[in-house]
Amino acid sequence: MDEARDVTMSDVPNGEEAPFGLSSNEWKFYQYVRNSPKGVKFTDRPDGMDVQEAYLAMNALLKKNTLEVIVLNGENMLKAIDLRDAEKASKLNDDARLVYNAIRAAGNTGIWTKDLKKKTNLHTIVLNRTLKSLEQKHEIKAVKHVKYPTRKIYMLFNVTPSSEVTGGAWYTDQELDVDFIESLKTACLKYIMSRSFPRIEGVPDAVFGADHEHYPTAAEVRRFITESRISSIDLSVKDITSLLDVLVYDGVVEKKLPFMVGMDDFSDDEDEGDDASIQWSYKAVRKAATRLPIEALTETPCGKCPVFSFCVEDGPISPITCEYFNTWLDW
């Protein structure tokens, strides 16, 4: 029977052994723990299993490395280990098993050798020898972290590093691909501009009405990039959103809520912008070709003075001692 196969108790025929050589009680307890991704308490047990049976099954599974103890909210919990990983660990010696399980627990973010040494409490020579042996057996691999290029990060051999480690779509060989980012920014801006202003012959400065609700979202921009084959990399909506945020910071694009298009982007809820469920739309900012005529009143210091209400004759702030006036007159 395939030990790695995802089965239930009903899948194991009567008279046959459960996967990984587990007894029926051990298999039942393992399934119970595995069905709880966050883990189970030491006092929890499957229905129909008494305390002694649960205790014996739990200890047997811990010895076979099919369960591990984790700390969640300050409480020790039991969590199931994939039977394929448990089988590999069971064939290793004590030091290798300790290192393998620590690396497995780190998942796709990997673990730094310094943290690995603290976790396993192995001597540096023993740890390095064990890591080299596991690498040669293709059980683990060393990867480069874009944020910490000098650190050696380890993860299981068949695990794909997370975007936090590789840098995601914006990095090539652990280097920020500036040319790729700039080309995508230009393409996104052109597409948003084509959707931001109406094309009316003879009216170069035409704009949509306040009720216009068809400015593009990040998902629409992503679809445009994909269909245009501008990028050979499959970019996610999150990737496109981060790119559009750069355009917003550059001041060439503004974010708008679909139901508030044409109005000021205003909300009493300061955390609203962090809500991933909100489908923001994006509108290009049209820069004026020429500067508006200067009005003398608005250009004088008094017209925009931050302490105008305190300015009185013979006071601490007065027209005679005004530093803004001096700057204005010198200009």
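**View 1. T217 occupies the loop between helix 8 (178-196) and helix 9 (218-228).** Helices (H or I, at least four residues) and strands (E, at least two) are DSSP runs numbered from the N terminus. The model is predicted, so local features require pLDDT of at least 70 and side-chain atom pairs pLDDT 80 or more, whereas totals for chains, interfaces and linings use all residues. Residues are numbered from 1 along each chain as its sequence is written, and side-chain values use heavy atoms, with hydrogens and water left out. T217 has a relative accessibility of 14% and counts as buried (under 20% relative accessible area, against over 50% for exposed and in between for partly exposed; 1.4 Å probe, protein chains only). Setting aside residues up to four places away in sequence, T217 touches W280, S281 and Y282, contact being heavy atoms within 4.5 Å.

**View 2. L116, a residue of helix 5, is shown with the residues around it.** L116 counts as buried, with a relative accessibility of 0%. When neighbours within four places in sequence are left aside, the contacts of L116 are V99, A102, I103, I111, L127 and L131. One of these residues, I103, is 13 residues away from L116 along the chain, and the two C-alpha atoms are separated by 7.7 Å. V99, A102 and I103 are also among the buried residues of helix 4.

**View 3. Helix 4 covers residues 94-106 and is followed by G107, which has a positive phi.** The 13 residues of helix 4 reach 19 Å from the first C-alpha to the last, which is close to the 18 Å expected at 1.5 Å a residue (1.5 Å times one less than the number of residues). At the start of this helix, a side-chain oxygen of N93 comes to within 3.2 Å of the backbone nitrogen of D95. The buried residues of helix 4 are A96, R97, V99, Y100, N101, A102, I103, R104 and A106, a list that includes the charged-type letter codes R97 and R104 alongside A96 and V99. Just after the helix, the phi of G107 is about 65°.

**View 4. Three strands form an open sheet in the order 3-5-4, with antiparallel pairing.** Strand 3 (111-112) and strand 4 (140-143) stand at the edges and have a single partner strand each, so that one side of each is left without a neighbour in the sheet. Strand 5 (residues 153-156) pairs with strand 4 in the antiparallel sense over 4 bridges, and with strand 3, again antiparallel, over 2 bridges; two strands count as paired if DSSP finds at least two bridges between them. Within strand 5, Y154 stands opposite I111 and also opposite A142, while I153 is the bridge partner of V143. I111 also appears in View 2, as one of the contacts of L116.

**View 5. Helix 6 (residues 124-136) lies across strand 4 and strand 5.** The helix runs at about 105° to strand 4, an angle between N-to-C directions on a 0 to 180 degree scale, with axes fitted to C-alpha atoms (for helices, over the stretch in contact). N121 lies in the loop that leads from helix 5 (113-120) to helix 6. Although N121 is not a glycine, its phi is positive, at about 60°, and with a relative accessibility of 68% this residue counts as exposed.

**View 6. Strand 1 and strand 2 form a hairpin with 2 residues between the strands.** The strands run antiparallel and are joined by 6 bridges, and the bridge partner of L72 in strand 2 is E75. N73 is found in the loop between strand 1 (67-72) and strand 2 (75-80). This residue has a positive phi of about 55° although it is not a glycine, and N73 is exposed, with a relative accessible area of 78%.

**View 7. The whole chain comes to 12 helices and 9 strands.** Of the 331 residues in the chain, 34% are buried. Among contacts between residues at least 6 apart in sequence, 50% join residues at least 24 apart. The chain exposes about 21900 Å², of which carbon and sulfur atoms supply 51% (Shrake-Rupley method, 1.4 Å probe).

Technical notes: A polar contact is a pair of N or O atoms within 3.5 Å; within protein, one must be able to donate a hydrogen and the other to accept it, and residues adjacent in sequence count only if both atoms are side-chain atoms.
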